[in-house]
Amino acid sequence: MSDYNFAYLDEQTKRMIRRAILKALAIPGYQVPFASREMPMPYGWGTGGVQLTAACLVPEDRLKVIDQGADDTTNAVSIRKFFQRTAGVDVTTDTTEATLIQTRHRIPETPLTQGQILVYQVPIPEPLRFLEPRETETRKMHELEEYGLMHVKLYEDIARHGQIATSYDYPVKVEGRYVMDPSPIPKFDNPKLSDSPAIQLFGAGREQRIYALPPYTQVVSLDFEDHPFDPSKADHDCDLCGASASYLDEVITDDQGGRMFVCSDTDYCTTRTGMGHRGRLAEDAA
Amino acid sequence: MSALTGGFTDPAIQSAQGFRILMQAMAHPGTIHDLALAAPPAPLGRAAGTVLLLLADPTTPVHLAAPAPDLAEWLRFHAGCPLSDAETATLALGRWSDLQPLDRFPVGLPDYPDRSATLIVELDRLENDGPRLTGPGIKDHARLSLPETAAFRANHARAPMGLDFILTCGDQLACLPRSTIVEDC
């Protein structure tokens, strides 16, 4: 422990964030404005997620932090250390052991369970922002459920590319009401948003917005009858653990066109390797 | 009991632990949770007192539905919240009959539905029976002993605007956000 208040933020700030979380849970998919604080890390490094985590943490928590699925990348390591120091919580890389998971742009492959909390770091919380830059207008569009423009964007994808080319940040509709930005998770992860037993909280620090999905909430990816949503992934198996149903990163291994595909979720891959599963290049990697 | 006692003994830790329970309750409408970290002046239950200390501060006007001088003094000391009328309240506390009529409380704006009041309702009985609840946060359905159903149905019909309810009874609480569909059984 250190001389910081528990979980860094002062009590008044945490109360303000907590009130916003409760309203966000009561109105699934709606973006609740909150008075985001400056954190000891730059915007874009998860200040929204960090503030949510700080407001939710209890000393008994086991915290897991992932960045694009990996537990060992800079962002994940520094946020984990931050809360070890300011909240004195235990940390873990095991998805099943974690009680609170802060994530940047992935949902763990291992299914979440009731009681777990998943905190997303969100850069642009407004799904309509790149279609309409004015906040006053997008707020009106949400109020009136005026989401035709989003379907025009998806249609233009089809007209230009023959398919919906949006592969991450894929817009969803929550409980038939609000169109929501699921943060830049790959669309492969979108089906996991719906009907999850875990509480999902989304925090955008620079944009000062919090939104949430309570457990067992219906989340539908936008699509068309003749172009149904397709949660695609690279058409390979993991080269380390052989998993055929996990999201893969492509890694260039030489300048001769050599490449390998590995699970983006490092905990999932390591667990499978530990259980004896082997992929195409497992010996090389060992 | 003096107004000076009965607050959190370890505010940072207790408010974190208390909020975690309150958040689980709001995320799973209709589930009953124990929460008794603060001791407000009688006759207010400990769950309601704890919720007030978790959420109220100088930025949140609190409406007390029935006059309660001891409680007002306790809140001023421990939470520092202004006491207000129903029309401007962020939080309101009272028995179901004292809180009527509900249309006095702010239900948010069409573009800012979060600017609505949260009502803490003290009940004599809180059990998992009675009206049937469905909606976000509820896996199949839940049941909760509500004082009535018409008011909660009207509240849901206004969603995304509307009021959110925290129902308390002694050391226990359950939540009923505006997103929950309430049906007579």
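**Salt bridges, chain contact and helix packing**

Arg132(B) has a relative accessibility of 29% and therefore counts as partly exposed. The structure in which this residue is described is a predicted model. Glu183(B) is likewise classed as partly exposed, its relative accessibility being 34%. The side chains of Glu183(B) and Arg132(B) form a salt bridge, with a distance of 3.4 Å from N to O. Because Glu183(B) belongs to strand E9 (residues 181-183) of chain B and Arg132(B) to strand E5 (residues 132-134) of chain B, this pair ties together parts that lie 51 residues apart in sequence.

Over all chains, the search of the whole structure found 26 salt bridges. One of these salt bridges joins Asp67(A) to Arg104(A), whose closest N and O atoms are 2.5 Å apart. Asp67(A) is part of strand E2 (residues 62-67) of chain A and Arg104(A) is part of strand E4 (residues 100-104) of chain A, so the salt bridge ties together parts separated by 37 residues in sequence. The relative accessible area of Asp67(A) is 10%, and this residue is buried, whereas Arg104(A), at 23% relative accessibility, counts as partly exposed. The two classes follow from the cut-off, because a residue is called buried when its relative accessible area is under 20%.

In chain B, a further salt bridge is formed by the side chains of Asp164(B) and Arg178(B), at 2.7 Å from N to O. Distant parts of the chain are linked by this pair, since Asp164(B) is found in strand E7 (residues 164-169) of chain B and Arg178(B) in the loop between strand E8 (172-176) and E9 of chain B, 14 residues apart. Asp164(B) and Arg178(B) are both buried. In chain A, Arg106(A), Glu109(A), Asp189(A) and Lys192(A) are joined into one network by salt bridges that share partners.

Arg178(B) also appears among the contacts of Asn155(B), which, with neighbours within four places in sequence left aside, are Met161(B), Gly162(B), Leu163(B), Phe165(B) and Arg178(B). Asn155(B) is located in helix H5 (residues 150-157) of chain B, and its relative accessibility of 4% means that it counts as buried.

The contact between the two chains involves 41 residues from chain A and 40 residues from chain B. About 3300 Å² is buried between chain B and chain A, and 64% of this area is on carbon and sulfur atoms. Of the area that chain B buries against chain A, 18% is supplied by Phe19(B), Arg20(B) and Asp114(B), which is more than any other three residues supply. Between chain B and chain A there are 4 salt bridges. Arg19(A) and Asp57(B) form a salt bridge in which the closest N and O atoms are 3.1 Å apart.

Helix packing is also found between the chains. Helix H1 (residues 11-26) of chain A packs with helix H1 (residues 11-27) of chain B at an angle of about 5 degrees, the axes being 10 Å apart. H1(A) and H1(B) are therefore roughly parallel to each other. From H1(A), the residues in contact are Glu11(A), Arg18(A), Ile21(A), Leu22(A) and Leu25(A), and among those they meet in H1(B) are Pro11(B), Phe19(B), Leu22(B) and Met26(B). By class, the residues of the contact of H1(A) with H1(B) comprise 11 nonpolar, 1 polar and 2 charged.

A second helix pair lies within chain A, where the axes of H1(A) and H2(A) cross at roughly 95 degrees and come within 9 Å. These helices are therefore roughly perpendicular to each other. Lys14(A), Ile17(A), Arg18(A) and Ile21(A) of H1(A) make this contact with Gln51(A), Leu52(A), Ala54(A), Ala55(A) and Cys56(A) of H2(A). The contact of H1(A) with H2(A) is divided into 6 nonpolar, 1 polar and 2 charged residues.

Gln51(A) is also touched by Met39(A), whose contacts, not counting residues up to four places away in sequence, further include Tyr8(A), Leu9(A), Thr47(A), Val50(A) and Phe82(A). Met39(A) is placed in the loop between strand E1 (32-33) and helix H2 (47-56) of chain A, and this residue is buried, with a relative accessible area of 7%. Although 30 residues separate Met39(A) from Leu9(A) in sequence, their C-alpha atoms are 8.9 Å apart in space.

In chain B, 9 of the 10 residues of helix H2 (residues 46-55) are buried, so this helix is largely enclosed by the rest of the structure. The buried residues of H2(B) include Ala47(B), Gly49(B), Thr50(B), Val51(B) and Leu55(B).

Methods
Residues are numbered from 1 along each chain as its sequence is written. Chains are lettered from A and ligands numbered from 1 in the order in which they are written. This is a predicted model: local features need pLDDT of at least 70, side-chain atom pairs count only at pLDDT 80 or more; totals for chains, interfaces and linings use all residues. Side-chain values use heavy atoms; hydrogens and water are left out. Axes are lines fitted to C-alpha atoms, for helices over the stretch in contact, and angles run from 0 to 180 degrees between N-to-C directions. Helices (H or I, at least four residues) and strands (E, at least two) are DSSP runs, numbered from the N terminus. Angles under 35 degrees count as roughly parallel, over 145 as roughly antiparallel, 65 to 115 as roughly perpendicular and the rest as oblique. Contact means heavy atoms within 4.5 Å. Ala, Val, Leu, Ile, Met, Phe, Trp, Tyr, Cys and Pro count as nonpolar, Asp, Glu, Lys and Arg as charged, and the others, Gly among them, as polar. Buried means under 20% relative accessible area, exposed over 50%, partly exposed in between (1.4 Å probe, protein chains only). Buried area is the accessible area (1.4 Å probe) that two parts lose on being put together, summed over both.
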